[in-house]
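Open the model in a viewer and keep the sequence panel visible. The stops below go from the whole chain to single residues.

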Amino acid sequence: MTNTAAIDEKTNGHKPEAHNGHQPEWANPRAMAIPAEGFFELERGRYGPTYPRTPACHGFTIIAKIKPGTEQEIRAYGKKLEDSVAASPHVLAPLQLHYLRWVLFPIEQDTYFMYQGIFDTDFDKYVEDAIQLFSSTGITTIFEKLEGFPEDWRTNAPAFIKFVRDHQRPSFLEYGEYPFVSADEIKKALRMKEAFTVMLDQYQ
């Protein structure tokens with residue numbers, strides 16, 4: 001049995017308790033049903049209503065029609081992004097991402113693109129950070145292949161964000177196995193686990 005397995009066996013699957021006797025927020029899975037509007041109370045942000053932080057952190061799902069004849073370019077862009085991250089693993093770090101998922105699918109004679117992202121910043125800051133990232137690195141955005149996307153997006157953040165908001169499809173349910181935990185907290189915990197494992201190995 002490995003040291004990590006022994007640690008897991010010792011905890012017996014139970015979630016740890018904080019020093020005050022209460023379990024931390026992430027200890028129990030959480031589900032959150034969200035109204036059709038995408039928010040519980042109308043609160044105005046910089047560009048429109050703010051969206052709540054859910055057990056799955058922040059995120060959005062963008063669905064838009066692609067420009068005719070661009071499907072292969074979009075797929076090639078996915079490979080380009082893979083190569084960019086392989087060459088510079090932290091190139092997307094400013095976006096504070098957990099996950100991205102891109103999907104192409106047909107509706108009648110047209111092809112649509114779905115962009116799903118889970119991240120730790122709020123909705124509008126994510127888009128602002130994306131504009132800054134793309135402008136500073138020279139990486140273009142896949143949204144350029146979508147119908148109606150503003151050509152002046154590099155210098156027109158409100159137009160970029162309006163496009164994203166107009167094509168956002170809010171979730172009506174989100175679930176987190178370890179709710180409200182940031183990507184940095186997850187990586188920190190994994191580093192601590194690795195360090196603890198190395199320490200135990202040295203005592204054998």
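The tour starts with the overall fold, moves to one helix and ends at a surface patch.

This is a predicted model, in which local features need pLDDT of at least 70 and side-chain atom pairs count only at pLDDT 80 or more, while totals for chains, interfaces and linings use all residues. Residues are numbered from 1 along each chain as its sequence is written, and side-chain values use heavy atoms, with hydrogens and water left out.

**Whole protein.** Colour by secondary structure. The protein has five helices and five strands, in the sequence order α-β-β-α-β-β-α-α-β-α. Helices (H or I, at least four residues) and strands (E, at least two) are DSSP runs, numbered from the N terminus. Of the 204 residues, 33% are buried; buried means under 20% relative accessible area, exposed over 50%, and partly exposed in between (1.4 Å probe, protein chains only). Among contacts with a separation of 6 or more, 67% join residues 24 or more positions apart, a contact being heavy atoms within 4.5 Å. About 13,100 Å² is exposed, 54% of it supplied by carbon and sulfur atoms; accessible areas come from the Shrake-Rupley method with a 1.4 Å probe, and for residues only the protein chains shown count as cover.

**Helix 3.** Select residues 123-137. These 15 residues reach 21 Å from first C-alpha to last, close to the 21 Å expected at 1.5 Å a residue (the expected span is 1.5 Å times one less than the number of residues). Its buried residues include Tyr126, Val127, Ile131 and Phe134. Which elements cover them? Show strand 2 (58-65), helix 2 (71-87), strand 3 (97-107), strand 4 (110-119) and helix 4 (157-166), which are among the cover. At the N-terminal end, aspartate 122 acts as the cap, with a side-chain oxygen 3.1 Å from the backbone nitrogen of aspartate 124.

**Phenylalanine 123.** This residue of helix 3 is buried because its relative accessible area is 4%. Beyond neighbours within four places in sequence, phenylalanine 123 is in contact with Tyr51, Gly59, Phe60, Val164, Arg165 and Gln168. Glycine 45 is 78 residues away in sequence and 9.6 Å away in space, C-alpha to C-alpha.

**Surface patch.** Finish at tyrosine 178, in the loop between strand 5 (173-176) and helix 5 (183-202). Tyrosine 178 counts as partly exposed because its relative accessible area is 39%. Add Trp26 and Tyr99 to the selection: with Tyr178 they make a nonpolar surface patch of about 350 Å².

Conventions
Patch = residues over 30% accessible without salt bridge, like charges linked within 9 Å, V, L, I, M, F, W, Y side chains within 5 Å. Salt bridge = Lys/Arg side-chain N within 4 Å of Asp/Glu carboxyl O. Polar contact = N/O pair within 3.5 Å; in protein donor to acceptor, adjacent residues only side chain to side chain.
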